[in-house]
Amino acid sequence: MASLNVGNLGEYLREQRRAAQLSLRQLADATGVSNPYLSQIERGLRKPSADVLQQVAKALRISAETLYVRAGILDEREREELETRAVILADPSINERQKNVLLQIYDSFRRENGFAPGPDADVNAEADADAGSDARGDAGPRKDAGPRNEDAGPRNGDDAGAGTTEDQDPHS
């Protein structure tokens, strides 16, 4: 594990706290971490645990993985993969089944490019098998056009509603 660069982490946390317009006391209340301890972290005098960093990240609405990298707990490449997963999982415009399908596709591309699948790859496969078999009658993702957003209403093409043309922009 890399050594912690707590000075850099502390400066970054202070910047993020100020950008969120929170006092140290307000951040302490939001995280459940004591005000003096947070002050020591910001001044580079303490090495926070991953749990404390996660609480701070949640209160500041920033990526915990970014804090882990700054603290030397997580490698930069691992952070990028985790952030990609977090963005997919946090997207409110797609449902859980669609998120799982996207994560499966992401993992398959990573494997194809010589990287290990993410930590939740097996969980995602099982969840999609359960959700996918109900929605499509099979357990795997479709191989033709990728995930289908069945909640988005009529689509262009064969299954479009009456009066819909193929060249119509679905986002207008």
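Right after helix 2 comes Gly-32, and its phi is positive, near 80°. Helices here are DSSP runs of H or I with at least four residues, numbered from the N terminus. The model is a predicted one, so to speak of local features a pLDDT of at least 70 is needed, side-chain atom pairs count only at pLDDT 80 or more, and totals for chains, interfaces and linings use all residues. Residue numbers start from 1 along each chain as its sequence is written, and side-chain values use heavy atoms, with hydrogens and water left out.

Stay with helix 2, residues 24-31, for a moment. Its buried residues are Leu-24, Leu-27, Ala-28 and Thr-31, where buried means under 20% relative accessible area, exposed means over 50%, and partly exposed is in between (1.4 Å probe, protein chains only). Look down the helix axis and those buried residues fall within an arc of 105°, so they line one face of helix 2; the arc is taken from the directions from the helix axis to the C-beta atoms. On the other side of helix 2 you'll find Arg-25, Asp-29 and Ala-30, which are exposed.

How far can you trust all this? The handle is pLDDT, the predictor's confidence in each residue, from 0 to 100. The protein's mean is 74, and 63% of its residues reach 70 or more. Confidence is highest in helix 2, at 96, and lowest in helix 8 (residues 121-136), at a mean of 43. Over residues 121-166 the pLDDT is below 50, and this stretch has 52 contacts in the model beyond near neighbours in sequence. A contact means heavy atoms within 4.5 Å.

Now for the charges. The structure holds six salt bridges, each being a side-chain nitrogen of Lys or Arg within 4 Å of a carboxyl oxygen of Asp or Glu. Glu-42 is a good place to begin: its side chain meets that of Arg-14 in a salt bridge, at 3.4 Å from N to O. Arg-14 lies in helix 1 (residues 6-19) and Glu-42 in helix 3 (residues 35-42), so the pair ties together parts 28 residues apart in sequence. Glu-42 also forms a salt bridge with Arg-17, where the closest N and O atoms are 2.6 Å apart. Arg-17 lies in helix 1 too, so that pair ties together parts that are 25 residues apart in sequence. As for exposure, Glu-42 is buried, with a relative accessible area of 6%, and Arg-17 is buried at 9%, while Arg-14 counts as partly exposed at 22%.

Farther along the chain, the side chains of Glu-96 and Lys-99 meet in a salt bridge (3.3 Å, N to O). Both sit in helix 7 (residues 96-112), and being three residues apart, they are separated by about one helical turn. Lys-99 counts as buried, at 6% relative accessibility. There is also a network of salt bridges linking Glu-81, Arg-85, Asp-107 and Arg-110.

Last stop: Tyr-12 and its surroundings. Arg-70 lies over the face of Tyr-12, at 3.8 Å from the ring centre; the rule asks for NZ of Lys or CZ of Arg within 6 Å of the ring centre and within 35 degrees of the ring normal. Thr-66 is in contact with Tyr-12 as well as Arg-79 and Glu-83, leaving aside its neighbours within four places in sequence. Thr-66 lies in helix 5 (residues 64-71) and is buried, with a relative accessible area of 16%.

Terms used: Helix = DSSP H or I, 4+ residues; strand = E, 2+ residues; numbered from the N terminus.
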